[in-house]
Amino acid sequence: MENIIIRQAKEQDFRDIAQLAEKCSPMATERNSIYHIFTHFFQNTVFVAEVEVTRYDNDSQTDSQKGLIGFLLGFKSQRDTEESYIHLLCIDPNYRGRGIALKLIKKFLKVVGNMGTNKILLITKPINKKAIKFYEKLGFQKNVGYETIKVNGIDAVKDYNGKGEHMVVFQKIISKDDFID
Ligand SMILES: CC(C)(COP(=O)(O)OP(=O)(O)OC[C@H]1O[C@@H](n2cnc3c(N)ncnc32)[C@H](O)[C@@H]1OP(=O)(O)O)[C@@H](O)C(=O)NCCC(=O)NCCS
């Protein structure tokens, strides 16, 4: 039997997060210390998806294993307390297309919404068409207020992260409907 839960990260999750991130190309990866900073200092806005697989033999439990299959690293802006940012979102390729990323985002919106956030920001690489489609479907708007250039047919903000690092900048204005159960 397989049970998937969404929960707030624990500090030691940073090791599993680092391993899982390797499966999430073209998403950028970080040094372990950055994942650790998130699970320590931003723990209340970092969420993981965890699967527990339990095996039974003639109705009696024989084995149970847990593992991380997704994570969302986010934080509330220190500069503008009404903004929050999603730094990385990653789902194990074997578990994609099952609404797990959506659940992580909803959990994040609920928590930061209750902290006073009304705008969510994030960036993606223009080559990451899957992620771009995913965020557009969730109602995120692209490159609001920026001049853009086309990168392989995708509108991106020129040199956003330095020379040649054009990025798609997403934002979503959230309302109470996005985070009240
Ligand atoms: C982008 C990414 C996070 C999406 O994760 P996911 O868990 O597959 O996303 P979801 O399942 O919530 O949604 C994906 C699709 O499945 C659909 N879906 C399937 N079953 C679903 C369910 N039970 N509930 C909701 N949606 C479901 C969604 O509607 C969505 O449709 P789409 O393909 O038309 O967009 C994932 O592909 C990933 O980890 N990519 C690599 C890392 C990355 O690029 N991250 C983003 C930049 S930081």
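Me: Before we start, what counts as exposed or buried here?

Reply: A residue is exposed if 12 or fewer other C-beta atoms lie within 10 Å of its own, and buried if there are 20 or more. Keep in mind that this is a predicted model.

Me: OK, so why is Pro26 called exposed?

Reply: Count its neighbours: Pro26 has 11 other C-beta atoms within 10 Å. The cut-off for exposed is 12 or fewer, so Pro26 is exposed.

Me: Where is Pro26, and what does it touch?

Reply: Pro26 sits in the loop between helix H1 (14–21) and helix H2 (32–41). Leaving out residues up to four places away in sequence, Pro26 touches Lys125, Ile127 and Asn128.

Me: What makes those touches count as contacts?

Reply: Two residues are in contact if their C-beta atoms lie within 7 Å. Pro26 passes that test with Lys125, Ile127 and Asn128. As for Lys129, it is 103 residues from Pro26 in sequence and 9.9 Å from Pro26 in space, C-alpha to C-alpha.

Me: How is the chain divided into domains, and how far apart are their centres?

Reply: There's domain 1 (1–117) and domain 2 (123–181). Their C-alpha centres lie 21 Å apart. Eight residues from domain 1 and eight residues from domain 2 make up the contact. On the domain 1 side, that's four nonpolar, three polar and one charged.

Me: How do you know which domain the ligand shell draws on?

Reply: The shell takes at least three residues from each of domain 1 and domain 2. Strand S4 (83–91), helix H3 (100–114) and helix H4 (129–137) each supply at least two, and H4 gives the largest share, five residues.

Me: Which shell residues come nearest to the ligand, and what is the mix by class?

Reply: Of the 20 residues around the ligand, Arg96, Gly99, Ala101, Leu102 and Ala131 come nearest. By class, the shell has eleven nonpolar, four polar and five charged residues.

Me: Why does the radius of gyration agree with a compact globule?

Reply: For 181 residues, a compact globule would come out near 16 Å, and the protein chain has 17 Å, so the two agree. Along its principal axes, the C-alpha trace spans about 65 × 35 × 30 Å.

Me: And what is the chain built from?

Reply: Five helices and nine strands, in the order β-α-α-β-β-β-α-β-α-β-β-β-β-α along the sequence. Buried residues make up 26% of the 181. Of the contacts with a separation of 6 or more, 64% link residues 24 or more positions apart.

Technical notes. Residues are numbered from 1 along each chain as its sequence is written. This is a predicted model: local features need pLDDT of at least 70, side-chain atom pairs count only at pLDDT 80 or more; totals for chains, interfaces and linings use all residues. A residue is near a molecule or strand if its C-beta atom, placed from the backbone, lies within 6 Å of it. Helices (H or I, at least four residues) and strands (E, at least two) are DSSP runs, numbered from the N terminus. Ala, Val, Leu, Ile, Met, Phe, Trp, Tyr, Cys and Pro count as nonpolar, Asp, Glu, Lys and Arg as charged, and the others, Gly among them, as polar. Domain bounds come from an automatic or database domain assignment. The radius of gyration is taken over C-alpha atoms; the globule rule is 2.2 Å times the number of residues to the power 0.38.
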